[in-house]
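User: Please take a close look at one helix in this model and at what it packs against. Then follow the packing outward to the core and the aromatic rings.

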Amino acid sequence: MLAIRSAIVVFGVLLPYLARIPGGSSWLQQYTNSGIGGFLFFGVFNAIAWGAILSFTFLYKNKLPIIAPVLFGFVPLIWVHSVYDLSSDAQAAIGLVFIPIYALAPIAVGGFIGYLMDRYLVK
């Protein structure tokens, strides 16, 4: 379980940057040109999302149900970070604060599904 939890943390920290790579270097640079302050900004606010996913892993006895909160949490985050254009508006960076907060709803649904899987389906 430690390896899975560590992978969730590492992937959660790198997720905003990995999601931008398919858009090209200029798309990735919207997130990377902010220096150490920007990295800390992304890290702190993304910790809301991956921290919620990580917290669900402590409820499960088996490893397989962890896939539910991971998919329900990371897939929407990947999509939003891959299409969010910071150059669209002067206040667009404020939206980065709300992305992980909005992701809490699908993470909770995935966590509940994983909990049901852990208790009733996986033996």
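Analyst: This is a predicted model. Start with the buried residues of α6: Ile107, Gly110, Gly111, Gly114, Met117 and Asp118. Why do they share a side of α6? They cover an arc of only 120 degrees around the axis, so they fall on the same side of the helix. Phe112 and Tyr120 are on the other side of α6, and they are exposed.

The helix itself runs over residues 104–121, which makes 18 residues. From first C-alpha to last, α6 reaches 24 Å. That is close to the 26 Å expected at 1.5 Å a residue.

Now the partners. The buried residues of α6 pack against α3 (35–57) and α4 (67–83). α6 also appears in the surroundings of α5: what covers the buried residues of α5 includes α2 (25–32), α3, α4 and α6. Those buried residues of α5 are Gly95, Leu96, Val97, Ile99 and Pro100.

One residue of α6 leads on to the core. Ile107, buried in α6, is among the residues with the most contacts inside the largest nonpolar core, together with Phe74 and Leu77. This core has 22 residues. Two or more of its residues come from each of α1, α3, α4 and α5 (95–102). The most come from α3, which gives seven.

Leucine 77 shows the core at the level of single contacts. Setting aside neighbours within four places in sequence, leucine 77 touches Leu15, Ala49, Ile99, Pro100 and Ala103. Two of these, Ile99 and Pro100, are buried residues of α5.

Just outside α5 is isoleucine 94, in the loop between α4 and α5. Is isoleucine 94 buried or partly exposed? Its relative accessibility is 48%, so isoleucine 94 counts as partly exposed. Isoleucine 94 and valine 13 are 81 residues apart in sequence; C-alpha to C-alpha, they are 19 Å apart in space.

Back to α3, a partner of α6, and on to the rings. The whole structure holds seven aromatic pairs. One of them joins tyrosine 17 and phenylalanine 39. Their centres are 6.1 Å apart, with 20 degrees between the planes, and the pair is stacked. Tyrosine 17 belongs to helix α1 (residues 2–20) and phenylalanine 39 to helix α3, so this pair ties together parts 22 residues apart in sequence. Tyrosine 17 has 12% relative accessibility and counts as buried. Phenylalanine 39, at 40%, is partly exposed.

A second geometry follows. Phenylalanine 41 and phenylalanine 42 have ring centres 6.0 Å apart and planes at 75 degrees, so they form an edge-to-face pair. Phenylalanine 41 is partly exposed, at 28% relative accessibility. Phenylalanine 42 is buried, at 8%. These four rings belong to one aromatic cluster: Tyr17, Tyr31, Phe39, Phe41, Phe42 and Phe45.

Charges also sit over rings. The charged end of arginine 20 lies over the ring of tyrosine 31, at 4.1 Å from its centre. Tyrosine 31 is one of the cluster members. Arginine 5 lies over the face of phenylalanine 58, 4.0 Å from the ring centre.

In short, the buried residues of α6 pack against α3 and α4. Ile107 ranks with Phe74 and Leu77 for contacts in the largest nonpolar core. α3 gives the most residues to that core, and phenylalanine 39 of α3 pairs with tyrosine 17 of α1.

Key: Residues are numbered from 1 along each chain as its sequence is written. This is a predicted model: local features need pLDDT of at least 70, side-chain atom pairs count only at pLDDT 80 or more; totals for chains, interfaces and linings use all residues. Side-chain values use heavy atoms; hydrogens and water are left out. Helices (H or I, at least four residues) and strands (E, at least two) are DSSP runs, numbered from the N terminus. The expected span of a helix is 1.5 Å times one less than its number of residues. Buried means under 20% relative accessible area, exposed over 50%, partly exposed in between (1.4 Å probe, protein chains only). The arc is that of the directions from the helix axis to the C-beta atoms. Contact means heavy atoms within 4.5 Å. Rings of Phe, Tyr and Trp (its six-membered ring) pair if their centres lie within 6.5 Å; planes under 30 degrees apart count as stacked, over 60 as edge-to-face and the rest as tilted. A charge sits over a ring if NZ of Lys or CZ of Arg is within 6 Å of the ring centre and within 35 degrees of the ring normal. A nonpolar core is a set of buried Ala, Val, Leu, Ile, Met, Phe, Trp, Tyr and Cys residues joined through side-chain atoms within 4.5 Å.
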